[in-house]
Amino acid sequence: MSDASTKGSVTLTLDGTNRSSTAPLVQASVGPAVADIRKLYADLGVFTFDPGFGMTAACESKITYIDGDQGVLLYRGYPIEQLAENSDFVEVCFLLLNGELPKEGELSEFKRNVTMHTMVHEQIRRFFDGFRRDAHPMAILCGVVGALSAFYHDSLDINDPRQREIAAFRLIAKVPTIAAMAYKYSIGQPFVYPRNDLNYAENFLYMLNAVPAEEYKVNPILSRAMDRILVLHADHEQNASTSTVRLAGSTGANPYACIAAGIAALWGPAHGGANEAVLKMLGEIGSPENIPDFISKVKDKNSNVKLMGFGHRVYKNFDPRAKIMKETCHEVLAELGIKDEPLLDMAMEMERIALHDDYFVSRKLYPNVDFYSGIILKAMGIPTSMFTVLFAVARTVGWVSQWKEMIEDPSQRIGRPRQVYTGATTRDYAAINSRG
């Protein structure tokens, strides 16, 4: 460990023997201490067993902190609520990458560097012709981002700080462009090049929605909503996709391959597809009067009816991002003149029940960020096939920050989880094949 201090220890004794192992307690700046078990096998000859790694710290990080019991999410120590209210996404990118908010002049320079990298190599356009016209945008995004290493050879040396910085700018800047191109390809519209006079969120909306035949003006309310969505999803500690990026990065793979690995992990419905599942659930409910029957089925263990958008593996309290998303949802619907929106009516009723029904309260099943974000994106005209793509656009900066931190940590080694082998013991091939 490079910065964490140790204070105290725990002693682990192997039953039936006089052998024990002392595990130093590594103190976090905030949150529980962790037992350093790196000497456990040498002392006792055993490994730990932790499916899903829910109780195992695999790295030291200064980027994001979550207190699920209290409903707290911090980026570099700053509460997510403060950043969503006072910062824009690019400023949050600077914070996640560099550890501090930008000083005067630093932010404008950082934004300029991002803007100057938003275009992609023109030959990359040809990649899209290799995909079927009905290919899922996530398939395209994963493939094209992974292929960036074939075009940008000057930022592949992971041991060169300057090359790591260039790769970071390229990924943060180009992933929205590639995401928008994937969407345009899927609907048969021409690609729209980025514009240097627009900010990050505006530029993304422009590339998604503009067509050559007419002028497109970015709605500031929708742009602000998009910016907030990006901020709220920028990083979320050591989740499945972030852990995948770190694991791929631990092999020395180039940054573009590592981010493509993260995109692949994010694609899973248990991770990045949760807001799409919320819309599907609300659509199946149909109308607010059907909610009581649906809730009854949720409470029935034998019904196999799942409740989407409530609760969180990490948050055992109200998701701090959900309140911001709820406010943003109302702003977007009001701006677009959407009244009596059935999905929102059902969402509000579901939220009311969740906050008062003992079944939800006792289980701490509060609405999470996915509960509202899907409704916002649907209202903005973004199809469900693009929801996870948009998630990847936001999370790229978190992945890059985590990858960069891992590369710069001298204590990191190649990832190599252990297993509990339950297969056949040693067998004699010659004996088996001597029959008959």
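In the predicted model, Lys 323 is found in helix α14, which comprises residues 320–335. The side of the residue open to its surroundings can be stated with a number: Lys 323 has a relative accessible area of 55% and is therefore classed as exposed, the threshold for that class being over 50%. Along the chain, Lys 323 and Val 369 are 46 residues apart, yet the separation of their C-alpha atoms is 8.0 Å.

A contrasting environment is found for Met 181, which has its place in helix α7. With a relative accessibility of 5%, Met 181 counts as buried, because the class is defined by a value under 20%. When neighbours within four places in sequence are left aside, the residues in contact with Met 181 are Val 120, Arg 125, Phe 128 and Phe 191. Leu 208, which is 27 residues away from Met 181 in sequence, has its C-alpha at 7.8 Å from that of Met 181.

Helix α7 itself spans residues 161–187, and its 27 residues reach 40 Å from the first C-alpha to the last, a distance close to the 39 Å expected at 1.5 Å a residue. The helix nevertheless carries a kink of about 30° at Lys 174, shortly before the proline Pro 176. Of the 27 residues of α7, 22 are buried, so that this helix is largely enclosed by the rest of the structure.

Helix α3, formed by residues 89–98, is likewise largely enclosed by the rest of the structure, because nine of its ten residues are buried. The buried positions of α3 are Phe 89, Val 90, Glu 91, Val 92, Cys 93, Phe 94, Leu 95, Leu 96 and Leu 97. Directly after α3 comes Gly 99, for which phi is positive, near 95°.

Positive phi values also occur in residues other than glycine. Most residues other than glycine have a negative phi. Arg 76, with phi near 50°, is a residue other than glycine with a positive value, and Arg 76 is situated in the loop that joins β5 (72–75) to β6 (78–79). Glu 237 is a further residue other than glycine with a positive phi, in this case near 60°, and Glu 237 belongs to the loop between α9 (220–232) and α10. The relative accessible area of Glu 237 is 31%, so this residue is partly exposed.

Helix α11, covering residues 255–266, has twelve residues and extends 16 Å from its first C-alpha to its last, close to the 16 Å expected at 1.5 Å a residue. Its buried residues are Pro 255, Tyr 256, Cys 258, Ile 259, Ala 260, Gly 262, Ile 263 and Leu 266. These buried residues of α11 pack against four helices, namely α6, α7, α10 (240–249) and α18.

Two of the helices against which α11 packs, α6 and α18, also meet each other. The axes of α6 (residues 137–147) and α18 (residues 387–407) come within 8 Å and cross at roughly 30°, and the crossing in which α6 passes α18 is left-handed. On the α6 side the contact involves Pro 137, Met 138 and Leu 141, which meet Thr 388, Val 389 and Ala 392 in α18. Sorted by class, the residues of this contact between α6 and α18 are five nonpolar and one polar, with no charged residues.

Towards the start of the chain, Leu 40 lies in helix α1, which comprises residues 40–44. Leu 40 has a relative accessible area of 7% and is therefore buried. Not counting residues up to four places away in sequence, Leu 40 touches Leu 12, Ser 21, Gly 45, Val 46, Phe 47 and Thr 48. By contrast with these contacts, Pro 190, which is 150 residues from Leu 40 in sequence, is 58 Å from Leu 40 in space, C-alpha to C-alpha.

Terms used: Residues numbered from 1 in each chain as written. Predicted model: local features only at pLDDT ≥ 70, side-chain atom pairs only at ≥ 80, totals over all residues. Heavy atoms only, no water. Axes fitted to C-alpha atoms, helices over the stretch in contact; angles between N-to-C directions. Left-handed = near helix turned anticlockwise from the far one by under 90°. Contact = heavy atoms within 4.5 Å. Nonpolar A, V, L, I, M, F, W, Y, C, P; charged D, E, K, R; others polar. Expected span 1.5 Å × (residues − 1). Bend = angle between axes of the 7 residues up to and from the residue. Buried < 20%, exposed > 50% of the residue type's maximum accessible area, 1.4 Å probe, protein only.
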